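Here is a short tour to read alongside the model. Keep the structure open and turn it as you go.

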Amino acid sequence: MLLILDIAVFLWWRTQQRENAYDAQIQQAASAYGIAPELVKAIVWRESGFNPDARGSSGEYGLMQIQETAANEWAAAVKNSDFKPEHLLNPKTNLLAGTWYLGKWSKRAPHTDDPRPFALAAYNAGPTKAREWAKDTKSSTEFIERIDYPTTKDYILSVQKKTRYYRGSFN
């Protein structure tokens with residue numbers, strides 16, 4: 001019985017270590033682009049499970065699973081002419097690029113009540129689909145209801161739930 005308890009405590013400790021390993025860099029990126037750090041952390045949790053070496057099946061890189069196209073937009077915006085996609089395996093670079101991209105779509109969200117669902121939809125399914133779902137909607141709730149990709153709807157809802165979980169962990 002004691003061995004089971006020891007294993008459970010160890011697994012909890014290891015999870016906490018992994019989840020908190022990038023908090024300072026998340027805070028820095030979130031502050032740089034005016035995004036709540038708990039939202040960035042929730043995206044990292046969902047996208048890579050805090051694995052900085054994660055690679056997606058569609059060419060995504062790192063903690064926030066950034067695609068090369070989005071990363072190139074960030075590099076151009078910050079005038080980083082030396083940028084290469086493999087730089088996205090660096091946690092700081094990845095967090096800056098991903099948070100910038102999320103911020104870009106947060107600013108373009110048509111719903112003033114809550115821009116996060118639109119930004120998350122653009123981040124997950126692409127801006128074309130997010131704009132399509134947003135057409136003729138008056139609120140973020142109506143927007144979420146209109147999403148016809150179950151995986152994107154689940155993505156938004158799970159990231160929002162985890163964001164609430166992480167709220168208060170950055171002070």
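The notes below go from the whole chain to one helix and its partners, and then to two single residues.

## The chain as a whole

Please keep in mind that this is a predicted model. The chain holds 9 helices and 0 strands, so its pattern along the sequence reads α-α-α-α-α-α-α-α-α.

How compact is the chain for its 171 residues? The radius of gyration is 17 Å, close to the 16 Å given by the globule rule, so the chain is as compact as a globular protein of that length. Along the principal axes, the C-alpha atoms fill a box of roughly 60 × 40 × 35 Å. Of the 171 residues, 46% are buried. If you take the contacts between residues at least 6 apart in sequence, 57% of them join residues at least 24 apart.

## Helix 6 and its surroundings

Helix 6 covers residues 116–125 and is a good place to look next. This helix is mostly covered, with 7 of its 10 residues buried. The buried ones are Pro117, Phe118, Ala119, Leu120, Ala121, Ala122 and Tyr123.

What do these buried residues pack against? Their partners are helix 3, helix 5 (91–107), helix 7 (127–134), helix 8 (140–146) and helix 9. Just after helix 6 comes Gly126, which has a positive phi near 100 degrees.

## Helix 6 against helix 9

Now bring helix 9 (residues 150–166) into view: helix 6 packs with it at an angle of about 125 degrees, and the two axes are 9 Å apart. An angle outside the parallel, antiparallel and perpendicular ranges counts as oblique, and helix 6 and helix 9 are therefore oblique to each other. Their crossing is right-handed.

On the helix 6 side, the contact is made by Arg116, Pro117, Leu120, Ala121, Tyr123, Asn124 and Ala125. Helix 9 contributes Thr152, Tyr155, Ile156, Val159, Gln160 and Thr163. Sorted by class, this contact has 8 nonpolar, 4 polar and 1 charged residues.

## Helix 6 against helix 3

Helix 3 (residues 37–48) is another partner: its axis and that of helix 6 come within 13 Å and cross at roughly 35 degrees. This crossing, too, is right-handed.

Which residues meet here? From helix 3 come Leu39, Ile43 and Glu47, and from helix 6 come Arg116, Leu120 and Tyr123. By class, the contact of helix 3 with helix 6 has 4 nonpolar, no polar and 2 charged residues. Arg116, Leu120 and Tyr123 of helix 6 also take part in the contact with helix 9.

## Two residues to pick out

Is Lys162 buried or exposed? This residue of helix 9 has a relative accessible area of 17%. Buried means under 20%, so Lys162 is buried. Setting aside neighbours within four places in sequence, Lys162 is in contact with Glu19, Ala42 and Trp45. Lys162 and Ala109 are 53 residues apart in sequence, and their C-alpha atoms are 21 Å apart in space.

Gly34 sits in the loop between helix 2 (23–33) and helix 3. With a relative accessible area of 64%, Gly34 is exposed. From Gly34 to Thr99 the separation is 65 residues in sequence and 8.9 Å in space, C-alpha to C-alpha.

Terms used
Residues numbered from 1 in each chain as written. Predicted model: local features only at pLDDT ≥ 70, side-chain atom pairs only at ≥ 80, totals over all residues. Heavy atoms only, no water. Axes fitted to C-alpha atoms, helices over the stretch in contact; angles between N-to-C directions. Helix = DSSP H or I, 4+ residues; strand = E, 2+ residues; numbered from the N terminus. Parallel < 35°, antiparallel > 145°, perpendicular 65-115°, else oblique. Left-handed = near helix turned anticlockwise from the far one by under 90°. Contact = heavy atoms within 4.5 Å. Nonpolar A, V, L, I, M, F, W, Y, C, P; charged D, E, K, R; others polar. Buried < 20%, exposed > 50% of the residue type's maximum accessible area, 1.4 Å probe, protein only. Rg over C-alpha atoms; globule rule 2.2 N^0.38 Å.
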